[in-house]
Amino acid sequence: MTFSAADHEAMARALALATNGLESTTPNPRVGCVIVRDGMTVGEGWHRRAGEPHAEINALQQAGDAARGATAYVTLEPCSHFGRTPPCADALIAAGVSRVVAAMEDPNPLVGGRGMERLRASGIQTAHGLLENEARELNIGFVSRMTRGRPWLRLKAASSLDGKTALNNGVSQWITGAAARADGHRWRARACAILTGIGTVKADDPQLTVRAVPCERQPLRVLIDARLDVSPTARILQGDPIVIATASEDRDRHASLAGAGHRLLVLPNAGGKVDLPALMNELGRLGLNEIHAEAGLKLNGSLLREGCVDELLLYLAPILVGDAAQGLFNLAELTRLDEAVSLDIRDLRQIGDDLRLIARPRR
């Protein structure tokens with residue numbers, strides 16, 4: 001289908017509106033809506049958080065009677081089922097819009113084209129596919145959970161230009177500058193959960209919270225701790241309860257941690273460690289769309305090796321620290337270059353004095 005310049009402009013605005021919910025809509029998708037009548041925008045809205053009105057409802061409320069005969073541009077197919085809120089498709093029909101353009105169909109099997117079908121059955125003209133790639137990227141975690149049953153895992157790491165994350169004595173603060181660290185916190189803020197391993201907790205005792213940028217919702221924290229070695233005084237156990245993935249069935253440790261409000265997932269693999277792919281499926285069942293991982297070279301290597309990493313978020317500092325320092329990934333030695341992990345670079349830019357690279361493993 002051919003879309004006009006005006007269609008593109010309206011959908012681009014809807015996508016911009018959707019980003020207002022970048023950090024707050026979980027587990028729902030980020031959605032924006034623009035209503036246009038006779039070339040004039042009469043209503044705008046976005047989804048703020050789960051349980052509150054969807055983008056279409058907010059835009060329709062602003063448009064009022066002007067929605068009749070208008071075109072609604074929405075970044076995701078209007079829902080057709082009753083969840084926490086009534087179906088948006090029904091609201092658009094009741095408002096009397098004449099045309100609905102969706103950037104993409106909803107990957108949720110509860111919708112999956114039914115919203116557009118309901119609109120067409122009521123005589124409303126429909127179309128989808130306008131700026132679809134942009135809409136998919138905005139909700140890549142939601143799409144992942146709906147289509148694969150697991151979240152989108154983004155692995156963040158900071159290193160020197162020679163790929164070292166810490167000196168051999170463990171010193172790592174701070175490899176990158178303040179601007180790169182603040183940018184990393186922005187990526188934390190948009191995630192549904194922040195994941196780390198017991199090695200990082202023992203070495204750095206991190207809080208794993210969003211601090212460097214404003215954030216109205218702290219992501220859930222997830223700790224991978226096969227033997228339940230976490231200290232009761234670890235900072236990650238302070239504040240809101242966390243999820244702990246383990247291979248241990250130590251009843252006393254389970255009782256102590258569960259009694260403090262923490263949720264334990266027992267997911268052993270054949271080697272007595274945590275089954276990482278199984279953990280990704282469990283996190284999907286918890287309704288998590290995007291996972292932000294910050295760990296050490298061992299867990300980084302395991303996540304990559306076991307196919308759990310969907311995206312790399314790497315900050316590279318303009319320094320060289322030498323071969324003896326600690327690396328990014330604990331991966332097996334290769335004897336052929338064609339066995340290497342191949343990446344597609346999606347973005348490369350300078351953040352302060354550092355470089356930020358976003359790449360995805362080729363499947």
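**A walk from the Asp38 loop to the annotated sites**

Asp38 sits in the loop that joins strands E1 and E2. Helix and strand labels here are DSSP runs numbered from the N terminus, a helix being H or I over at least four residues and a strand being E over at least two. The coordinates are a predicted model, in which local features need pLDDT of at least 70 and side-chain atom pairs count only at pLDDT 80 or more, while totals for chains, interfaces and linings use all residues. Residues are numbered from 1 along each chain as its sequence is written, and side-chain values use heavy atoms, with hydrogens and water left out.

Asp38 is not a glycine, yet its phi is positive, at about 55°. With a relative accessibility of 74%, Asp38 counts as exposed; the classes are buried for under 20% relative accessible area, exposed for over 50%, and partly exposed in between, using a 1.4 Å probe and protein chains only. Leu131 also has a positive phi of about 55° without being a glycine. Leu131 belongs to the loop between strand E5 (125-128) and helix H5 (132-138), and its relative accessible area of 19% makes it buried. A further backbone feature is the cis peptide bond from Thr26 to Pro27, with omega near 5°. Pro27 is placed in the loop between helix H1 (5-18) and strand E1 (32-37).

Now the whole chain. The protein has eleven helices and 16 strands. Its radius of gyration is 23 Å, which agrees with the value near 21 Å for a compact globule of 363 residues; the radius is taken over C-alpha atoms, and the globule rule is 2.2 Å times the number of residues to the power 0.38. The C-alpha trace spans about 70 × 45 × 40 Å along the principal axes. Of the 363 residues, 51% are buried.

Contact means heavy atoms within 4.5 Å. Among contacts with a separation of 6 or more, 69% join residues 24 or more positions apart. One example of a link across the sequence is Arg68, in the loop between H2 and E3. Arg68 and Gly96 are 28 residues apart in sequence, but their C-alpha atoms are 4.4 Å apart. Leaving out residues up to four places away in sequence, Arg68 touches Arg37, Ala94, Ala95 and Gly96.

Helix H6 (residues 140-148) shows how one element packs. Its buried residues are Ile140, Gly141, Phe142, Val143, Ser144 and Arg145. These buried residues pack against H5, E6, helix H10 (276-285), strand E12 (290-293) and strand E16 (354-361). After H6 comes Gly149, with a positive phi near 75°.

The UniProt record, an unreviewed entry, lists "binding site" at His54, Cys79 and Cys88. They are spread over 35 residues of sequence but cluster in space, the largest C-alpha distance being 9.3 Å. Positions from UniProt are given in the numbering used here, feature names are shortened, and annotations may be inferred rather than shown by experiment. His54 is in the loop between strand E2 (40-46) and helix H2 (55-63), and Cys79 is in the loop between strand E3 (71-74) and helix H3 (88-95). Cys79 is buried, with a relative accessible area of 8%. Not counting residues up to four places away in sequence, Cys79 touches His54 and Cys88, along with Glu56, Pro86, Pro87, Ala89 and Val111.

The same unreviewed entry also gives "binding site" for Ala158, Trp174, Thr200, Asp204, Gly296, Leu297, Lys298, Leu299, Asn300, Gly301 and Ser302. These positions cover 145 residues of sequence and are also spread in space, up to 24.5 Å between C-alpha atoms. Ala158 is part of strand E6 (residues 152-160). Apart from neighbours within four places in sequence, Ala158 contacts Lys164, Thr165, Ile175, Thr176 and Tyr315. Gly301 is part of helix H11 (residues 297-305) and, at 0% relative accessibility, counts as buried. Leaving aside residues up to four places away in sequence, Gly301 touches Phe329, Asn330 and Leu331.
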